[in-house]
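Happy to walk through this one with you. Let's take the labels one by one and see what stands behind each.

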Amino acid sequence: MGMNVGSSGGDDEVVSTINTTPLVDVMLVLLIIFLITVPVVTQSVGVTLPKETNAVRVTKPENIEIAVTKDGDIYWGVQPIPDTEALVARLKKIAVLNPQPEVHIRGDEKSRYENVGKVMVACQRAGIMSIKFVTEPPARGG
């Protein structure tokens, strides 16, 4: 017994269309994975900062230490700065030096971000190119 497969005309036809169903399936799976993972990546949780450092701090005599207290007071070393305009004026004198010294900002962890941001804006207005933040390493043990 014989079996007849295909058309009875005997002409072999070439199918020249592309089956896009597997491509669409793969793209839909990738889209679903992307939609699920993006919200997980963009979420943030409120944490207490700063507690870690990732480089050894090298304090050079020419570096400027600016401290921001929890009350928002600004200190240049140990000298109090009355306002941000006075800070900008002092930083402009330092910004013209070659090489320009780094500014190290020591912000109290209970200080409002706004107070530290004012110091950063003052540095930007004065033309300071390098600003670094001083943090305290976490306590070892426990």
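Q: What makes Glu 114 and Arg 112 a salt bridge?
A: In this predicted model, the closest N and O atoms of Glu 114 and Arg 112 are 3.1 Å apart. The cut-off is within 4 Å, so the pair counts as a salt bridge.

Q: Why is Glu 114 called partly exposed?
A: Glu 114 has a relative accessible area of 41%. Partly exposed lies between 20% and 50%, so the label fits Glu 114.

Q: And why is Arg 112 called exposed?
A: Arg 112 has 54% relative accessibility. Exposed means over 50%, so Arg 112 counts as exposed.

Q: Which residues are linked with Arg 112 and Glu 114 in a network of salt bridges?
A: Lys 118 joins Arg 112 and Glu 114 in that network.

Q: How do you know that Glu 85 forms a salt bridge with Arg 125?
A: Their closest N and O atoms are 3.1 Å apart, and the limit is 4 Å, so the pair qualifies. Glu 85 lies in helix α2 and Arg 125 in helix α3, so the pair ties together parts 40 residues apart in sequence.

Q: What makes Glu 85 and Arg 125 partly exposed?
A: Glu 85 is at 44% relative accessibility and Arg 125 at 45%. Both values fall between 20% and 50%, so partly exposed is the right term.

Q: Why is Lys 132 called partly exposed?
A: Its relative accessible area is 39%, which is not under 20% and not over 50%, so Lys 132 counts as partly exposed.

Key: Residues numbered from 1 in each chain as written. Predicted model: local features only at pLDDT ≥ 70, side-chain atom pairs only at ≥ 80, totals over all residues. Heavy atoms only, no water. Salt bridge = Lys/Arg side-chain N within 4 Å of Asp/Glu carboxyl O. Helix = DSSP H or I, 4+ residues; strand = E, 2+ residues; numbered from the N terminus. Buried < 20%, exposed > 50% of the residue type's maximum accessible area, 1.4 Å probe, protein only.
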